[in-house]
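Grab a pencil and try these short exercises on the structure shown below. Have a go at each task before you read its solution.

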Amino acid sequence: MTDPFAEALHSDGPDPDLAEKLKLYGRFVGAWTFDATRTLEDGTKLTGRGEVHFGWVLEGKAVQDVWILPARDAGPSPSLGPWTFYGTTLRVYDPGIDAWHIFWSDPRSRYFSRQLGRAEGDVIVQQGVDDTGSSVRWSFSRITENSFRWLGERSHDGGATWRIEVEFLARRATPA
């Protein structure tokens, strides 16, 4: 049986008219696992293994992902403490500003974020402001065909200084 919703959402590939620009996030399409580390303000580290899945959506005009921590096959993960998530990001390229609108939603933790994403050299940087007024910066770096590093950083002084809160070291579940 076909799921009409999944069929309407999913796309087989990028929109041909935007294919070159869509490669920025399109290169991540597929399944990944990651080792996660969260550093709390007191220096305590929470660790665990997660999974992320990227795919083409909305007539190939966007990339959507699902981030899951702990991974569904990880079993009990006491090293994570209360830090878990099961959320999705919708990434939509806007040719008018040559940037990506980033929308993160995690109903489990009730954390929502809106950012703008762009390439800065060989790093992808997404910036926004959270509901407390703190600046938030998420980035993909060390990107290869089968791995990447994702950082979540926060600034309480308008971006003058940044503190790394989260690091994910990801590897493709099925190497390309």
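**Exercise 1: Proline 78**

Proline 78 sits in the loop between E3 and strand E4 (85-94). Work out whether proline 78 is buried or exposed.

Solution. Start with the cut-offs: buried is under 20% relative accessible area, exposed is over 50%, and partly exposed is in between (1.4 Å probe, protein chains only). Proline 78 has 75% relative accessibility, so it counts as exposed. Next, look across to serine 147: the two are 69 residues apart in sequence, and their C-alpha atoms are 26 Å apart in space.

A quick word on the ground rules. This is a predicted model, where local features need pLDDT of at least 70, side-chain atom pairs count only at pLDDT 80 or more, and totals for chains, interfaces and linings use all residues. Residues are numbered from 1 along each chain as its sequence is written, and side-chain values use heavy atoms, leaving out hydrogens and water.

**Exercise 2: Backbone oddities**

Find which peptide bond is cis, then look at phi in leucine 58 and aspartate 98.

Solution. Step one: the bond from leucine 69 to proline 70 is cis, with omega near 0°. Proline 70 is in the loop between E3 and E4.

Step two: leucine 58 isn't a glycine, yet its phi is positive, about 55°. You'll find leucine 58 in the loop between strand E2 (45-57) and E3, and its 38% relative accessibility makes it partly exposed.

Step three: aspartate 98 also isn't a glycine, and its phi is near 50°, a positive value. Aspartate 98 belongs to the loop between E4 and strand E5 (99-106), and with a relative accessible area of 40% it is partly exposed.

**Exercise 3: The whole chain**

How many helices and strands does the protein have, and why does its radius of gyration agree with a compact globule?

Solution. Count the elements: 2 helices and 10 strands, where helices (H or I, at least four residues) and strands (E, at least two) are DSSP runs numbered from the N terminus.

Now the radius of gyration, taken over C-alpha atoms; the globule rule is 2.2 Å times the number of residues to the power 0.38. For 176 residues a compact globule would come out near 16 Å, and the protein has 16 Å, so the two agree. As for burial, 41% of the 176 residues are buried.

Last step, confidence: pLDDT is the predictor's confidence in each residue, from 0 to 100. The protein's mean pLDDT is 94, with 99% of its residues at 70 or more.
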